[in-house]
Amino acid sequence: MSLTSVVNQGVRYIDESYSVQLGEKIYFVYSGVSSLREYDVKTDITRELVETKHTLRPQVIDGKLYLLGKPTGKQFGLWRYDPSLENLTLVKAFLDAPYPLSRNLMTPMMGGYYFAATTREHGTELWKTDGTPEGTIMLEEFNPGNRQFRKLDIYAGSDTLYFTH
């Protein structure tokens, strides 16, 4: 049975490109009720983990899920969900993030994960993270001032990072 058919039992819509697999569990953001959900392949059970708003596809870094979004009642930012502890932690606060056209939250390249996010001081810029607060840094201020972009995509070449807006 596919993730789409399992999730569609009582759920309006799910796109498999918004999901990631970690072990025997598949994690996905369901936009119908805005939540991070977990589907256990072994038990055939889907459960809601965290209510969210404006959350993009989760990404796996070192066995943990990373989300760029706003869990309900919390601040927008880069969040880490540890499935073994069932714990959600803020890695870095942001104002917002542009919608990625390719549906990728982060692009891996050369030991880091790259993404775009918006701050009040710098606007929308490119960031790099290793999954820790101290390892989440702005690369460079490519667009001086606080200009924001609604859509931005990042692609990794063999040793070059490409982005469009």
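**Aromatic pairs and their surroundings**

The structure, a predicted model, holds two aromatic pairs. Take Phe94 and Phe115 to begin with: this pair is edge-to-face, with 5.8 Å from centre to centre and 85° between the planes. Phe94 sits in the loop between strand 8 and strand 9 (107–109), while Phe115 belongs to strand 10 (residues 112–119), so the pair ties together parts that are 21 residues apart in sequence. As for solvent, both Phe94 and Phe115 are buried.

The other pair brings in Trp127. Here the ring centres of Phe94 and Trp127 are 4.8 Å apart and the planes stand at 80°, so this pair is edge-to-face. Trp127 comes from strand 11 (residues 123–129) and Phe94 from the loop between strand 8 and strand 9, so parts 33 residues apart in sequence are tied together by the pair. Put the pieces together, and Phe94, Phe115 and Trp127 make up one aromatic cluster.

How much of this is open to solvent? Phe94 has a relative accessibility of 4%, and Trp127 has a relative accessible area of 6%. The cut-off for buried is under 20%, so Phe94 counts as buried, and so does Trp127.

Trp127 also leads over to Lys92, a residue of strand 8 (residues 87–93). Neighbours within four places in sequence aside, Lys92 is in contact with Trp127, and also with Gly77, Leu78 and Thr136. The relative accessible area of Lys92 is 28%; partly exposed covers the range between 20% and 50%, so that is where Lys92 falls. Thr129 is worth a look here too: 37 residues separate Lys92 and Thr129 in sequence, and their C-alpha atoms are 9.6 Å apart in space.

Then there is the surface. Which residues make the nonpolar surface patch of about 230 Å²? Leu139, Phe142 and Phe163 do. Of these, Phe163 lies in strand 14 (residues 161–164). With a relative accessibility of 31%, Phe163 counts as partly exposed. A residue needs over 30% relative accessible area to join a patch, and Phe163 has 31%.

In short, Phe94 is a member of both the pair with Phe115 and the pair with Trp127, and Trp127 is in turn a contact of the partly exposed Lys92.

Note on methods. Residues numbered from 1 in each chain as written. Predicted model: local features only at pLDDT ≥ 70, side-chain atom pairs only at ≥ 80, totals over all residues. Heavy atoms only, no water. Helix = DSSP H or I, 4+ residues; strand = E, 2+ residues; numbered from the N terminus. Buried < 20%, exposed > 50% of the residue type's maximum accessible area, 1.4 Å probe, protein only. Contact = heavy atoms within 4.5 Å. Patch = residues over 30% accessible without salt bridge, like charges linked within 9 Å, V, L, I, M, F, W, Y side chains within 5 Å. Areas by Shrake-Rupley, 256 points an atom, 1.4 Å probe, with all protein chains shown as cover. Salt bridge = Lys/Arg side-chain N within 4 Å of Asp/Glu carboxyl O. Phe/Tyr/Trp six-rings, centres within 6.5 Å; stacked < 30°, edge-to-face > 60°.
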